[in-house]
Amino acid sequence: MSQAAEAPLKTTPLHAAHIARGGRMVPFAGYELPVQYPEGVLREHLWTREHAGLFDVSHMGQGRLRGVAPLAAFEQVAPGDFIGLKPGRQKYSVLLNRQGGIIDDLMASRPDDNGLFVVVNGACKENDFKVIDAELAGQVTIERYEDRALVALQGPEAAAVLGELVPAVAGMVFMDIRRVEGLGTDLIVSRSGYTGEDGYEISVPGADAVRVWDAILADPRVKPIGLGARDSLRLEAGLPLYGHDLDETVSPVEADLTFAINKNRREQRDFPGAARIVKELAEGPSRVRVALKVLEGAPAREGAEIADADGNVIGVVTSGGYSPCLKGGIALGFAPPAHAMVGGRLNVIVRGKAQAAEVVKAPFVPHRYVRKL
Amino acid sequence: MRFTKDHEWVEVDGDVATVGITAYAAEQLGDVVFVETPDVGKTVKAGDGFAVVESVKAASDVYAPISGEVVEANAALGDAPETVNAAPEAAGWFAKLKLANPGELDALMDRAAYEAYLQTL
């Protein structure tokens, strides 16, 4: 997560609000953002699992693709069924290179009838929009929402909190998205997030961001949560992190994201890298993302080798750390499918020591998405 | 108690030094979730990494403030690593070293010098 020191860091519209609440500011994705508040990562993590946490994710890239047929056009760069995406719905997807590697993972949605709204990772956004612009030249125009902030309200009490503040979100379920009037401004609200909990991501005009942030935090069920807990929450939820678990060499099949490749697209084979991806779907990939529970010793972190029982190195941890809910080490990594069987025993090598680990089914902590009301 | 610029402390009793990390270091690390203490019998040189302390976010090396042989490690940290946050300069000690070269202590800061050093950070 370290950044090159030369480039001046950008700030989000909530920068002063973080400092006012004691946020410990660190460089992340070219921005200065809070890694934690005074309560610390552990308490912030557990608060989000038990109540509701508010995150500033304004570093992420938001934009609107418009054109004659923006949904069909987007299918040229991502393997989802976007033509079939209904207004009011959101899809997780991946931007693919021609080798079938992942340029970024993203959310694409239709908050209204006006084109396709995309949210991409902060560290990747400049390149993502450049790639989309180049690949879809003449078919779509991109309107970047650089003046909008993005906040995420996550946790079992998120729905009750937001329901009181923004009545227009009533009736939404997981992966619904709406453009609504609320808190005196124009919001784009999706029922989704990056913690495994129920919750919302809320796009808000930058000028109104502090007011919206403070209004949500005025509810005693909500606390501000930093990047540290955001990472440990997403890890427990088994959700991959771009730049760590995903990169331009990793295919969505290897990354265990085949759900993002819709059936009709598999048959049409008309997305970048389709030859490799269809082959991997049929024959199995040479490596696959695994979830590991570390059974003893220190947490295994990014870069730790994964070895079989005979000590042969067969893979590597791509993100790992301490799980506040499981009170032990958990990790995501890559290993050959023969070693990826749930229940199988492997070792992770931490500071030269082999520690027992078990392949488990992700997520480590069950998702609590609200799919039906 | 004497201190290093890497935020370790040493307290000497006879020829044995108890070593830990300072309250400042514990606060900077945040919630300690795992501590790897050195094996008894291990010989360390001043400046060597001799223990590891892990927060939710990251693993950090702890450096031996002085040279010596490890005569005891704080086994209680295995089940209760949070002791490092609760009592960093007391029950949260990491290890006891038999001093190899007591003269090394002279190079370390006293409390006033360490407090002054913290003001510069």
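## Two chains, from small to big

Read from the N terminus, chain B goes β-β-β-α-β-β-β-β-β-α-α-β-α. That string holds four helices and nine strands. Before going further, keep in mind that this whole thing is a predicted model.

**Chain B up front**

The opening stretch of chain B is a good place to start, as its strands can be followed pair by pair. Strand E1 of chain B covers residues 2-3 and is joined by two bridges to strand E2 of chain B, residues 8-13, with the pair running antiparallel. Arg2(B) sits opposite Val10(B) of E2(B). Between E1(B) and E2(B) the hairpin has four residues, and His7(B) there takes a positive phi near 75 degrees.

Then E2(B) pairs again, this time with strand E3 of chain B, residues 16-21: six bridges, antiparallel. Here Trp9(B) faces Gly20(B) of E3(B). The E2(B)-E3(B) hairpin has two residues between its strands, and Gly14(B) in the turn has a positive phi of about 65 degrees. As background, strands of a sheet pair through backbone hydrogen bonds, either parallel or antiparallel.

**Overall dimensions**

How do the two chains look in terms of general figures? Here they are, row by row.

| Chain | Residues | Buried | Box along principal axes | Contacts joining residues at least 24 apart, among those at least 6 apart |
|---|---|---|---|---|
| Chain A | 373 residues | 51% | roughly 65 × 50 × 50 Å | 66% |
| Chain B | 121 residues | 40% | roughly 35 × 35 × 20 Å | 61% |

For chain A, the radius of gyration is 20 Å, which agrees with the value near 21 Å that a compact globule of 373 residues would have. Chain B tells a similar story: its radius of gyration is 13 Å, and a compact globule of 121 residues would come out near 14 Å, so the two agree.

**The six-stranded sheet in chain A**

Chain A has nine helices and 19 strands. Six of the strands make an open sheet with mixed pairing, in the order E10-E11-E12-E9-E3-E13 (chain A). At its edges are strand E10 (177-182) and strand E13 (222-224) of chain A, each pairing on one side only. From one strand to the next, the twist averages 25 degrees.

What does the E10 end look like up close? E10(A) is joined by six bridges to strand E11 of chain A, residues 185-190, and the two run antiparallel. Within this pair, Val180(A) stands opposite Leu187(A) of E11(A).

Helices pack on the sheet too. Helix H5 of chain A, residues 158-165, touches E3, E9, E10, strand E12 (199-205) and E13 of chain A, and its direction makes about 130 degrees with that of E9(A). Helix H2 of chain A, residues 41-50, lies across strand E3 (52-56), strand E9 (148-154) and E13 of chain A, at about 120 degrees to E3(A).

**Where the domains of chain A meet**

Chain A divides into domain 1 (1-285) and domain 2 (286-360). Their C-alpha centres are 27 Å apart. How many residues are in contact across that boundary? On the domain 1 side there are 17 residues, touching 16 residues of domain 2 of chain A.

Two elements of chain A give two or more residues to the domain 1 side: H2 and H7. The biggest giver is H2(A), with four residues. By class, the residues on this side split into seven nonpolar, five polar and five charged.

**Where chain A meets chain B**

The contact between the chains takes 13 residues from chain A and ten residues from chain B. On the side of chain A, H2, helix H7 (227-236) and strand E16 (313-323) each supply at least two residues. The classes on that side are six nonpolar, five polar and two charged residues.

**H2(A), seen from several sides**

Which helix of chain A lies across E3, E9 and E13 of chain A? That is H2(A), and the helix comes up repeatedly. H2(A) gives four residues to the side of domain 1 that touches domain 2 of chain A, and H2(A) also supplies at least two residues to the side of chain A that touches chain B. H7(A) likewise gives two or more residues to the domain 1 side and at least two to the side that touches chain B.

Note on methods: Residues numbered from 1 in each chain as written. Chains lettered and ligands numbered in written order. Predicted model: local features only at pLDDT ≥ 70, side-chain atom pairs only at ≥ 80, totals over all residues. Rg over C-alpha atoms; globule rule 2.2 N^0.38 Å. Buried ≥ 20, exposed ≤ 12 C-beta atoms within 10 Å, placed from the backbone. Contact = placed C-beta atoms within 7 Å. Pairing = 2+ DSSP bridges. Axes fitted to C-alpha atoms, helices over the stretch in contact; angles between N-to-C directions. Nonpolar A, V, L, I, M, F, W, Y, C, P; charged D, E, K, R; others polar. Domains from an automatic or database assignment.
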